[in-house]
Amino acid sequence: MKNSEYAAFVNSLDFTSKKSFEIGINHHALSLASEAGEVAGKVVKQYYRENQKGYEEFRSKIIDESSDVLYHLVAICITCGITIEELATYNFAKLSDRVN
């Protein structure tokens, strides 16, 4: 799937940002934080508790939770008029400067 296709799909689902900028940005920022916490929780459960799962099951759970992180991050970008490509290009340049 292309980034632009995914962004269009997210935009079609995002009813909170259509209500107002403030409602949309608050909803997605808080949801992003919550979903990122769920990713962290899966890692904690996998590596710091006794009920470790096999790698494939762990990977599946990380994909599931990370996809929710992606949704809310893309929704924030759409709300702020930022494309996925713009965000990725900016991050690439920022990280490249750190290693050079």
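Select Y6 first and display its surroundings: leaving aside residues up to four places away in sequence, Y6 touches M1, S67, L70, Y71 and V74, where a contact means heavy atoms within 4.5 Å. The model on screen is predicted, so local features need pLDDT of at least 70 and side-chain atom pairs count only at pLDDT 80 or more, while totals for chains, interfaces and linings use all residues. Residues are numbered from 1 along each chain as its sequence is written, and side-chain values use heavy atoms, with hydrogens and water left out.

**The core around Y6**

Extend the selection to Y6, A7, V10, Y71, V74, A75 and I84, the 7 residues of the largest nonpolar core. Such a core is a set of buried Ala, Val, Leu, Ile, Met, Phe, Trp, Tyr and Cys residues joined through side-chain atoms within 4.5 Å, and buried means under 20% relative accessible area, with exposed over 50% and partly exposed in between, for a 1.4 Å probe and protein chains only. Two elements, helix 1 (3-13) and helix 4 (55-80), give two or more residues to this core; helices here are DSSP runs of H or I with at least four residues, strands are runs of E with at least two, and both are numbered from the N terminus.

**Along helix 4**

Now select helix 4 as a whole. Helix 4 has 26 residues and reaches 37 Å from its first C-alpha to its last, close to the 38 Å expected at 1.5 Å a residue, the expected span being 1.5 Å times one less than the number of residues. Colour F58, I62, E65, V69, Y71, H72, V74, A75, I76, C77 and T79, which are buried in helix 4, and then show what covers the buried residues of this helix, which includes helix 1, helix 2, helix 3 and helix 5 (84-99). An α-helix has 3.6 residues a turn, so residues three or four places apart point the same way. Just beyond the helix, G81 follows with a positive phi, near 75°.

**Two cysteines**

Which cysteine sulfur is closest to that of C77? The closest one belongs to C80, at 7.3 Å, which is too far for a bond. A disulfide is a pair of cysteine sulfur atoms within 2.5 Å, and by this rule the count comes to 0 disulfides. C77 is buried, with a relative accessible area of 6%, whereas C80 counts as partly exposed at 38% relative accessibility.

**Helix 3 and its partners**

Move to helix 3 (residues 21-47), whose 27 residues should span 39 Å at 1.5 Å a residue, in agreement with end C-alpha atoms that are 39 Å apart. The buried residues to pick out in helix 3 are G24, I25, H28, S31, E35, V39 and Q46, and their cover includes helix 2 and helix 4.

Next centre the view on L32, which is found in helix 3. Although L32 and H72 are 40 residues apart along the chain, their C-alpha atoms are separated by 5.3 Å. Not counting residues up to four places away in sequence, L32 touches V69, H72, L73 and I76.

**The aromatic pair and K53**

Where in the model is an aromatic pair to be found? Select Y47 and F58, which form an edge-to-face pair at 5.5 Å centre to centre, with 85° between the planes. Rings of Phe, Tyr and Trp (its six-membered ring) pair if their centres lie within 6.5 Å, and planes under 30 degrees apart count as stacked, over 60 as edge-to-face and the rest as tilted. A search of the whole structure finds 1 such pair. Y47 lies in helix 3 and F58 in helix 4, 11 residues apart, so that the pair links distant parts of the chain. Y47 is partly exposed, with a relative accessible area of 46%, while F58 is buried at 11%.

F58 also leads to K53, which touches Q46, F58 and K61 when residues up to four places away in sequence are not counted. K53 lies in the loop between helix 3 and helix 4 and counts as partly exposed, at 35% relative accessibility.

**Helix 2 and confidence**

Finish with K19, whose place is in helix 2 and which is exposed, with a relative accessible area of 62%. Colouring by pLDDT, the predictor's confidence in each residue from 0 to 100, shows the lowest mean in helix 2 (residues 16-19), at 80, and the highest in helix 4, at 95. For the chain, the mean pLDDT is 92, and 98% of its residues reach 70 or more.
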